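Reader: Hi! I have a new model open and would like to walk through it with you. Could you start me off?

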Amino acid sequence: MKHRFNFLTLLLVLFTIPAGIFARESKFTKRGSGPLFWNMYQYNFRYGTSMPEDVWKKNIDWLAEEFLPYGYDMAATDGWLFNLNSIDQYGYLTKYDSSWTYGLKYWGDYLKSKGMRFGFYFNPLWVPKAAYVQNNNIKGTSIPITDVVGTTKFEDHLYWIDTDKPGAEQWVKGCIRTMIDQGIELLKIDFLGYYERDYGTNRYIKALKWMAEEAGDEMLLSYSVPNCRNDARNEIIYADMIRISTDCDGGGWWFISDKERGQVNESGQGDKYRSAFDGLIGWADIIGVKGQTIMDPDFVQLNTLASDAEREFHISMLLVSGSPIGITDQYNTIGDCAKFYKNTEMLELNKLGFVGKPLSTSIWDKQNSSRWIGQLPDGDWIVGLFNRESTVLEYGIDFEKELGIKGGKVKNVRDLWLHQDLGAMSGRYSVRLEPHSCKVLRIKPNSKRYKAAVASLRNGAVINSCLLYTSPSPRDMRRSR
C-alpha cells in the first residue's frame, strides 16, 4: 500500500500527543541522536578476556588524538568481568579488573583531563562474589549484603539481588551513585532479560525504576539484552538507550544485514531481531522516537567489512536512524578505515540530533524499509537510500508524494558522501545502487513558504517523519508480511 503525506494528520499528531510522556525524559533522550564513543569490545571478543590496562590507555590516547575533534568524546569498558575482587567497604567495584593498577576514579579523572567521558559495563543487580563473602552492611542500612541476594545466580562469581527484599533499593541506588562519583557517565546494563526471566516482570520493573531515579541526568542508562515485551512498554519508561539487535560479535556484513534476516523472535525472551538493520526497521516507530529512547544496534567494526561501500552503509544507517556510533576498532586494527568515521557532513546529523524514519517499518517490505527520511532544523530533508541486496537495484524518492514538497521542486540535492551538490531537481531523485551500498542526500526545498510552515510546526525540533504517513499504522505494518 502506498502512503501519502497528510498535513492535517501531522498537525493533529504533533499537538495532541505529548512526546516523551511515556518515556524517560533526560538530557540524553532530549538530544535526539545517540552518543559518539569508543568501546573495548573488539579486543575482549577476539581474545576472550578483559582488555589489559596498557592497551586501554593506548586506545584512549589514540581516541583523544584522532577522534575527539570529530565528536567522539567517550571511552567505555565492556564485559568479560572475570576478576572482580577490587571492591570498597560497601561491596561496590573500584576497578574494572583486579589486575589493573588504577581504579575507576583514576580513569574517570584521566578521561576528563583529555576532554572525554567515561562509560562502564556493569549491572547494578549483580553482587560480586567478593562482596558476598565480605558481607558488610549495605550502605546506609543495617542489612547485610547476603540478605538481598536472590535464589539464583547470574554466574558463579556474580549473584542476582532480589528486588523484593529489604535493602535491595539501597543496593541498586548505591551502585549507581558510586559509579557516578567515580566519573562514569554511561552505564551499559547487560542481561536484563535474564533477570526478568528469573525474577519476574514486577521485580524487574522495580529495578529499572530505581536505576533511573538515581541516574537522573547524571548518567546515560544503556540497556542490553532486554526482553522488550509488549512493544518495550516497560523499558522505554526508564532507558535512555536500548539495544535493538544481537551482539555484533566478529562484525562483518552478516551482523549488519544478513544475520537471520527477516526472522522475528516473538517469544518475549531475548532479542526480537537478529540483524542490526532489521532491528532498526522493526523498532523505529517505538524505541527510535526523537526525544524518547535511542535505538542501539551495537558496535561498529569497520575493519571487518569487505568494501568501502559497506563501510559507508554502516555509518550511514547509524547516523540516519539517530543511533550511536560505538567504534570498537582499535588503534592497531583500524587500518585505513578511520576516514569513514570522520565525514563531517554526515556527523552534522548527529550534532543536530537528527532521527530519521523508514518509509515502512515492515522488515519484509524490502524497498520501503530501506528508504529513510527526516528533517533538519532548517527544513532541509535528509534521505537515506540503502541497498541491502546482492544485486544492483534502483532506489529513489518522490519529492512531492513522499516528502510533501509542494510542486515537487527542490532548490538543491547534495550527496553527503561525495560532498557534491547535484543541483536543482523536480519530481523525483533516483539512482542505481550497487550491492551493499547507499546514498545519503540533503535536499533543500525550493519553497520558502513551505520551510516557514515546517519551522512553525517543529518549534525548533526535528519532525519524526514516521508521523507523515497515514494508515496502515507502523505497528500493523511491522506485524504483517
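Author: Happy to! One term before the numbers: two residues are in contact when heavy atoms lie within 4.5 Å. And keep in mind that this is a predicted model.

Reader: Good. With that, what share of the contacts with a separation of 6 or more comes from residues 24 or more positions apart?

Author: Those residues account for 74% of the contacts in the chain with a separation of 6 or more.

Reader: And how many helices and strands does the chain have?

Author: The chain comes to 18 helices and 19 strands.

Reader: What percentage of the residues count as buried?

Author: Of the 481 residues, 59% count as buried.

Reader: Let's look at helix packing. How do H14 and H15 cross?

Author: Helix H14 covers residues 308–321 and helix H15 covers 344–351; their axes come within 8 Å and cross at roughly 30°. Angles under 35 degrees count as roughly parallel, so H14 is roughly parallel to H15. The crossing of H14 past H15 is left-handed.

Reader: Which residues meet there?

Author: From H14 you have Ser316, Leu319 and Val320, and they meet Met346, Leu347, Leu349 and Asn350 of H15. By class, that contact has five nonpolar, two polar and no charged residues.

Reader: Nice. What about H8 and H9, where do their axes stand?

Author: The axes of H8 (residues 192–199) and H9 (residues 201–215) come within 7 Å, with a crossing angle of roughly 140°. Roughly antiparallel needs an angle over 145 degrees, and H8 and H9 are therefore oblique to each other.

Reader: Which side chains should I click on for that pair, or rather, which residues meet?

Author: In H8, pick Leu192, Tyr195, Glu196 and Tyr199; in H9, they meet Thr201, Arg203, Tyr204, Leu208 and Met211. The class breakdown for this contact is six nonpolar, one polar and two charged residues.

Reader: Back to H14 for a second. Where does Gly322 sit?

Author: Gly322 lies in the loop between H14 and strand E11, which spans 325–327.

Reader: Is Gly322 buried or exposed?

Author: Buried counts as under 20% relative accessible area. Gly322 has 5%, so Gly322 is buried.

Reader: What does Gly322 touch?

Author: Leaving out residues up to four places away in sequence, Gly322 touches Gly32, Ser33, Gly34, Ile294, Phe354 and Val355. There is also a long sequence gap to look at: Gly322 and Pro35 are 287 residues apart in sequence, yet their C-alpha atoms are 9.4 Å apart in space.

Reader: Which helix holds Ala276?

Author: Ala276 lies in helix H13, residues 276–283. Its relative accessible area is 0%, so Ala276 is buried.

Reader: And which residues are around Ala276?

Author: Not counting residues up to four places away in sequence, Ala276 touches Ile244, Ser245, Phe255, Ile256, Pro297 and Met317. You can also check Trp254, which is 22 residues from Ala276 in sequence and 9.3 Å from it, C-alpha to C-alpha.

Reader: Switching to loops. Where is Ser362 found?

Author: Ser362 is in the loop between strand E12 (357–358) and helix H16 (366–369). Ser362 counts as buried because its relative accessibility is 6%. The C-alpha atoms of Ser362 and Gly262 are separated by 9.5 Å, with their positions 100 residues apart along the chain.

Reader: Now the backbone. What is phi for His419?

Author: Phi of His419 is near 55°, a positive value in a residue other than glycine. His419 lies in the loop between strand E16 (409–415) and strand E17 (420–426). With a relative accessible area of 39%, His419 is partly exposed.

Reader: And what is phi for His436?

Author: His436 has a positive phi of about 60°, although it is not a glycine. You will find His436 in the loop between strand E18 (428–433) and strand E19 (437–445). At 18% relative accessibility, His436 counts as buried.

Reader: Last topic, cysteines. How many disulfides are there?

Author: A disulfide here is a pair of cysteine sulfur atoms within 2.5 Å, and the count by this rule comes to zero.

Reader: Are Cys228 and Cys248 buried or exposed?

Author: Cys228 is buried, with a relative accessible area of 8%. Cys248 is buried too, at 0%.

Terms used. Residues are numbered from 1 along each chain as its sequence is written. This is a predicted model: local features need pLDDT of at least 70, side-chain atom pairs count only at pLDDT 80 or more; totals for chains, interfaces and linings use all residues. Side-chain values use heavy atoms; hydrogens and water are left out. Buried means under 20% relative accessible area, exposed over 50%, partly exposed in between (1.4 Å probe, protein chains only). Axes are lines fitted to C-alpha atoms, for helices over the stretch in contact, and angles run from 0 to 180 degrees between N-to-C directions. Helices (H or I, at least four residues) and strands (E, at least two) are DSSP runs, numbered from the N terminus. Angles under 35 degrees count as roughly parallel, over 145 as roughly antiparallel, 65 to 115 as roughly perpendicular and the rest as oblique. A crossing is left-handed if the near helix is turned anticlockwise from the far one by less than a right angle, and right-handed if clockwise. Ala, Val, Leu, Ile, Met, Phe, Trp, Tyr, Cys and Pro count as nonpolar, Asp, Glu, Lys and Arg as charged, and the others, Gly among them, as polar.
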